[in-house]
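Please open the structure in your viewer and keep the selection tool at hand. This tour moves from one selection to the next, with a short account of what is there at each stop.

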Amino acid sequence: MPNGMARSLQRNRSHLYSFIICLIGLGLFVFYDAKPPLHFSPSTWGWITAMSGAAVILTIFTFQLPPQGNGLSLDSAVYLACIFIFGLPFTLTVLLLCSLILLFVEWRATVWWKQITNFSMYCIMIVCASDIFTAFGGVQGPLLSSHVTAYLGAMVVYFILNTLLIGYYYYLIYHQNLYDTLKGMLTDTILAYLCTLVLSLVLTVLLYHNRLLGLGMFLCLSVMISYSFKRLFSMYRDIEERANRDQRTGLFNHSYFEDRLEEAMRCSKASGTALSLAMIDIDDFKKYNDHFGHLRGDGLIVFLAELLKKATEGTDIIVSRYGGEEFTLLMPGYDPAASKQFVERLRKTLNNSPFEGTEIFPQGCLAFSAGIAGYQPDVHFKSELVEHADQALYYAKKQGKNLVHIYGNQSLLEQDIDFSQDVRDIEQQLNLFMYKDLETFKHSKRVFRYALDISELLKLDTLSKRQFTLGALIHDIGKLEIPWGILNKKDKLAPEEWEMVKWHVTWGKEMALTNDRFKDLAPYIELHHERYDGKGYPYGFKGEEIPRLCRMLTIIDSFDAMTTERPYQRTKSFEEAIIELRSCAGSQFDPGLTELFIQYIEAREVCKSGAAAQTNVSS
């Protein structure tokens with residue numbers, strides 16, 4: 001879904017939610033405020049004014065709570081105390097007067113419809129809390145120990161509704177997982193909420209026994225608590241800022257980048273918005289460092305950091321120092337093409353920036369190389385996206401530096417040359433199986449040939465074809481770590497032996513990650529034993545959580561295993577294997593891909609039969 005459409009949909013949902021809340025809240029206000037405000041006595045109006053003023057003051061002293069910065073005010077203590085002492089119509093009138101004052105005071109800072117939505121949410125919480133208080137036998141007046149259940153019931157309902165109403169609004173705005181949103185709110189605010197609920201009981205006691213003096217004492221206590229929370233949040237943010245910043249450049253550091261990358265991928269997957277990652281490396285930095293010394297080298301790093309800060313100011317781009325002379329740009333809302341345009345402008349700006357000592361560079365100016373990778377929904381781990389950007393950066397360096405390259409955009413000729421070399425290098429590693437398990441070597445070669453045919457059938461682009469076919473060739477490389485006795489055992493494996501065999505996907509992934517050229521093959525190695533129904537290993541991914549080509553590799557791998565002659569197991573014919581594939585479609589295998597593979601096998605067998613018949617006729 002395009003970015004604009006996704007944002008528009010989110011806005012429409014949040015506006016619809018606000019409209020529904022307003023209808024419910026305003027309806028409850030009209031229905032329950034049965035005693036018109038004009039019928040209140042002058043003394044009651046005095047109390048309404050005093051309580052409204054207290055609520056306004058506590059709303060103005062709203063504070064934020066670490067770690068997420070969720071806002072909270074203690075005005076709810078005032079409304080709950082009003083319910084316990086004065087009743088529902090009085091409380092709703094206090095809320096109305098408070099909202100009108102805030103609408104006048106904050107009319108520039110907050111749009112009117114948000115004020116009405118906020119008023120409506122409070123109406124819903126107050127009415128429901130009051131009904132629960134009455135239902136449990138609560139009586140307006142002094143705090144009575146015999147009615148503890150009524151007080152607790154009202155406070156719990158008020159708290160739950162507050163969390164759900166606000167949490168669901170955040171969910172619609174940010175489109176995160178609803179459970180995670182509510183969990184995050186509860187984790188961050190539970191202590192402050194409990195403080196508010198307890199304060200409502202304190203205010204009830206003070207109001208009934210000490211009247212206005214009690215209200216004044218409560219306000220002093222609440223304002224000091226609010227101020228303390230504000231100071232706490234300020235200190236927390238200061239410490240967090242220091243922990244998340246690289247001291248030399250002032251940019252975000254590596255650990256902060258890792259956290260935000262994971263969050264950005266989660267948001268992009270949920271909302272369908274674009275996300276790109278750019279990795280930047282200063283060209284020939286070591287040469288500059290060696291020539292002028294580390295102090296001048298640090299100055300160059302800071303110079304580029306300042307340029308990146310200035311260029312990304314006012315955008316959602318997160319700039320981090322990845323390490324040494326490497327930087328990352330996390331770019332939510334940017335597809336790879338838009339990212340490349342942005343980074344190209346940065347590169348040209350740096351090229352034209354005067355800096356002392358640039359005469360020693362081969363380019364004759366400051367330069368960087370950059371690699372860009374776009375996020376795709378089947379990229380499950382942040383390390384994969386980083387590896388893609390890193391490989392694109394490596395390619396830009398290999399082409400002569402001072403370039404920006406998008407992952408997978410090599411020319412066809414270069415890709416063919418690289419592919420042939422990669423096949424030779426992987427086969428050299430697989431030759432170790434010749435001495436340990438010849439069947440695994442032969443199996444890997446057959447699966448590779450199947451993958452070549454299927455990649456043509458699926459009309460894969462060159463990059464996907466390379467990954468799929470090489471992934472098929474190397475998918476069992478982790479079995480090199482399994483002891484010979486287990487790998488060649490003809491009897492049934494013991495449970496602990498089977499657990500060791502299952503580890504080959506993890507070992508193989510780690511082996512691939514040691515070579516920059518084969519990092520992008522790791523998913524094919526690690527996920528080829530995942531099942532469509534989620535009962536596979538190592539993660540138990542289900543359905544489309546498993547990358548599409550990994551799902552196809554599972555089918556090819558299983559089909560070859562079923563139809564391969566081995567001395568200690570019965571070999572299935574192609575017809576029997578096809579029946580087995582169909583019976584497991586929807587459980588072990590992707591149904592659509594299974595049927596496509598079966599059509600390929602049947603067509604191939606028809607061609608073979610026709611060729612054999614033609615040969616016999618010729619003979």
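How many disulfides does the count come to? The model on your screen is a predicted one, and in it the count comes to zero disulfides. A disulfide is a covalent bond between the sulfur atoms of two cysteines. If you would like to look at cysteines all the same, select Cys267, which counts as partly exposed because its relative accessibility is 24%, and then Cys584, which counts as buried because its relative accessibility is 14% and buried means under 20%.

**The whole chain**

Now show the whole chain as a cartoon, where you can look for 23 helices and seven strands. Of its 619 residues, 47% count as buried, and if you switch on the surface, you are looking at an accessible area of about 30600 Å², of which 59% belongs to carbon and sulfur atoms. As you follow the chain, keep in mind that, among contacts between residues at least 6 apart in sequence, 70% join residues at least 24 apart.

**The nonpolar cores**

In soluble globular proteins, nonpolar side chains tend to be buried together. Select Met51, Val78, Tyr79 and Ile126, which touch the most other members of the largest nonpolar core, a set of 60 residues. Two or more residues of this core come from each of helix H1 (3–32), helix H2 (42–60), helix H3 (75–85), helix H4 (88–105), helix H5 (112–135), helix H6 (148–174) and helix H7 (178–244), and H7 gives the largest share, 11 residues.

Which residues does Val78 touch, not counting residues up to four places away in sequence? Display the side chains of Met51, Ala54, Ala55, Leu58, Leu203 and Phe218, for these are the residues in contact with Val78 once such neighbours are left aside. Apart from this core lies another, of 30 residues, and you can find it by selecting some of its members, including Ala472, Ile546, Cys550 and Leu581.

**The salt bridges**

The last stops concern charged side chains, since a search of the whole structure finds 24 salt bridges. Begin with Asp290 and Lys286, whose closest N and O atoms are 2.8 Å apart. Both residues lie in helix H9 (residues 285–292), four residues apart, which is about one turn of the helix, and both Asp290 and Lys286 are exposed.

Next, select Asp390 and Lys519, which form a salt bridge with their closest N and O atoms 4.0 Å apart. Asp390 lies in helix H12 (residues 382–398), whereas Lys519 lies in the loop between helix H19 (504–513) and helix H20 (522–527), so this pair ties together parts that are 129 residues apart in sequence. Is Asp390 buried or partly exposed? Asp390 counts as partly exposed because its relative accessibility is 21%, while Lys519, with a relative accessible area of 15%, is buried.

Stay in the loop between H19 and H20 and select Asp520, whose partner Arg466 is found in helix H16 (residues 462–474), so that you can see a pair linking distant parts of the chain, 54 residues apart. The closest N and O atoms of the salt bridge between Asp520 and Arg466 are 2.9 Å apart, and both of these residues are buried. To finish, select Glu258, Glu262 and Lys382 together, as salt bridges that share partners join these residues into one network.

Key. Residues numbered from 1 in each chain as written. Predicted model: local features only at pLDDT ≥ 70, side-chain atom pairs only at ≥ 80, totals over all residues. Heavy atoms only, no water. Disulfide = S-S within 2.5 Å. Buried < 20%, exposed > 50% of the residue type's maximum accessible area, 1.4 Å probe, protein only. Core = buried A, V, L, I, M, F, W, Y, C linked by side-chain atoms within 4.5 Å. Contact = heavy atoms within 4.5 Å. Areas by Shrake-Rupley, 256 points an atom, 1.4 Å probe, with all protein chains shown as cover.
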